[in-house]
Amino acid sequence: MTANREIDDILQRAADGGRITPEEALLLYTDAPFHALGEAADTVRRRRYPDNVVTYLIDRNINYTNVCVTACKFCAFFRAPKHKDGWAHPMEEILRRCGEAIDLGATQVMLQGGHHPEFGVAYYESLFSGVKEAYPQLMIHSIGPSEILHMAKVDGVSIEEAILRIKAAGLDSIAGAGAEMLPERPRKAIAPLKESGERWIEVMTIAHRNGLSSTATMMMGTGETHAERIEHIRMIRDCQDLAVANGYQDTAVETSHELGGFRAFIPWTYQPENNHLKGRTQATTMEYLRFIAVSRLFFDNIAHLQASWLTTGKDVGQLALHLGVDDLGSIMLEENVISSAGARHRSNLHELIWMIRTADRIPAWRDTLYNHLAVHRTEADDPTDDRVVSHFSSIAMPGKKTLPLVDAK
Ligand code: SF4
């Protein structure tokens, strides 16, 4: 119990699985005592996942181009068309990286890139079908609404046509990238050329309706208010309400009724290096942790909540496991976009498992759709591959165009 009856009531209702309003979420975010907030969020996690399992993933982010016409102010990765450091990887290089990732146990690739002025739907069709033909076992969890709008615009086709074509070509899931901040004021301030938050939601809704599920993200710390953070998750929850009300299902999921629409919510903190927003305040650790807990209480309709150890650090990532988080995300065999802006935290398979176990949770390796591939109940169950390590580079910078994951001996 806290000293505030109203906060107690909201926390109790949320912990019991009841819905809270955006106004109530804001009150919890700004005023609820930290331990009570965390306890309520963890109660929800325990009810959803009574097996006490916390999952992780092995995947690789592969960037096909850094050329982009959208020039978001927070982005340290892109280069304008015709810039001398702009590049686009040929298919052979992308396939080489996929093969290397599979060798290290990856089950997923996240193909990410800029809005290249020449990349229409056909480019993405050949990208996804090329990967699927070579490696049918890899789940392609990639791109976001911005890329879908861009390719549709390049070719003059509808959003739905673009989605149906790239899905048929092999896209398994849409990454929640490009959400940043969905409300108009902060979005215009950091990404004036990007689609509106409403358009981002519209693309996700069309994808969900067509059996393509996704994740949703949020980038905190570029000067948005607490109320705008809550408005961001309000927009995502409303979109998910539509998916639930209409029974939108991921066509690849046969077993769970929970995984249509958004499968997971992943907030992360803005990184301030090498971009045009330098000097803005990052979200503080407490703001991040409190938001994690509020997200678990607010999203009564989204199954999974992921901690971002890459941007917040491993200690904070582990602490988030006590605030309602059930997933620690990926080892990230390769990441270049956020690390270009200053995220330097690295980890490896053993460490991620250790972080989960020492938080008194049971670690499990999962795939894109949260199927458990291995549950490590004791240390005897742990994998032994020392090569599964994070690699971060800034390939937007000259001279780093290849990234071998395993040392050539
Ligand atoms: S965040 Fe994406 S859309 Fe924005 S500039 Fe960077 S690559 Fe382009």
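**Entry 1: strand S3**

I started with strand S3, residues 108–112, where five of the five residues are buried, so the rest of the structure largely encloses this strand. The model I am reading is a predicted one. I then looked at the two faces of S3 separately. On one side Gln108, Met110 and Gln112 are buried, and on the other Val109 and Leu111 are, so both faces are covered. This fits the usual pattern, in which side chains of a regular strand alternate between the two faces of the sheet.

Next I looked up a partner for S3. Strand S2, residues 59–63, runs parallel to S3 and is joined to it by five bridges. I noted one pair in particular: aspartate 59 stands opposite glutamine 108 of S3.

**Entry 2: the chain as a whole**

I took the overall counts. The protein chain has 15 helices and 11 strands. Of its 409 residues, 50% are buried. I also checked contacts between residues at least 6 apart in sequence, and 78% of these join residues at least 24 apart.

**Entry 3: the annotated serines**

I turned to the UniProt record. Its unreviewed entry has a "binding site" annotation that covers Ser308 and Ser330. The annotated residues span 23 residues in sequence, but no two of their C-alpha atoms are more than 9.2 Å apart, so they gather at one spot.

Where does serine 308 lie? I found serine 308 in the loop between strand S8 (304–305) and helix H12 (309–312). Serine 308 has 26 other C-beta atoms within 10 Å; the cut-off for buried is 20 or more, so serine 308 counts as buried. Leaving out residues up to four places away in sequence, I listed its contacts as Ile266, Pro267, Trp268, Thr269, Gly317 and Gly329.

Serine 330 is in strand S9, residues 327–330. Serine 330 is also buried, because 24 other C-beta atoms lie within 10 Å. With the sequence neighbours up to four places away left out, serine 330 touches Leu57, Ile58 and Asp59. I had already met aspartate 59 as the residue opposite glutamine 108 in S3.

**Entry 4: the sheet that holds S9**

I followed S9 into its sheet. This is an open sheet of four strands in the order S9-S1-S10-S11, and its pairing is mixed. S9 and strand S11 (372–375) stand at the edges with a single partner strand each, so one side of each has no neighbour in the sheet. From one strand to the next the twist averages 25 degrees.

I looked closer at the S11 end. Strand S10, residues 362–366, pairs with S11 in the antiparallel sense over three bridges. Tryptophan 365 has alanine 374 of S11 as its bridge partner.

**Entry 5: threonine 378**

I went on past S11. Threonine 378 lies in the segment after that strand. Is threonine 378 buried or exposed? Threonine 378 has 8 C-beta neighbours inside 10 Å, so it counts as exposed. I also noted a distance here: the C-alpha atoms of threonine 378 and arginine 357 are separated by 8.9 Å, with their positions 21 residues apart along the chain.

**Entry 6: the ligand shell**

I listed the residues around the ligand: Cys68, Thr70, Ala71, Cys72, Cys75, Phe77, Phe78, Gly114, His115 and Ser146. Sorted by class, this shell has six nonpolar residues, four polar ones and no charged ones.

**Entry 7: helix H6**

Ser146 from the shell is also among the buried residues of H6, and I looked at that helix next. H6 covers residues 145–155, and eight of its 11 residues are buried, so the rest of the structure largely encloses H6. The buried ones are Pro145, Ser146, Glu147, Ile148, Leu149, His150, Met151 and Ala152. Which elements cover the buried residues of H6? I found helix H5 (121–134), helix H7 (159–169) and helix H9 (197–209) among them. Glycine 156 follows H6, and its phi is positive, near 65 degrees.

**Entry 8: aspartate 241**

My last look-up was aspartate 241, which sits in helix H10, residues 226–245. Aspartate 241 has 14 other C-beta atoms within 10 Å, so I put it down as partly exposed. The C-alpha atoms of aspartate 241 and aspartate 300 are 9.7 Å apart, while the two residues are 59 residues apart along the chain.

Note on methods. Residues are numbered from 1 along each chain as its sequence is written. This is a predicted model: local features need pLDDT of at least 70, side-chain atom pairs count only at pLDDT 80 or more; totals for chains, interfaces and linings use all residues. A residue is near a molecule or strand if its C-beta atom, placed from the backbone, lies within 6 Å of it. Ala, Val, Leu, Ile, Met, Phe, Trp, Tyr, Cys and Pro count as nonpolar, Asp, Glu, Lys and Arg as charged, and the others, Gly among them, as polar. UniProt positions are given in the numbering used here, feature names are shortened, and annotations may be inferred rather than shown by experiment. A residue is buried if 20 or more other C-beta atoms lie within 10 Å of its own, exposed if 12 or fewer, and partly exposed in between; C-beta atoms are placed from the backbone. Two residues are in contact if their C-beta atoms, placed from the backbone, lie within 7 Å. Two strands pair if DSSP finds at least two bridges between them. Axes are lines fitted to C-alpha atoms, for helices over the stretch in contact, and angles run from 0 to 180 degrees between N-to-C directions.
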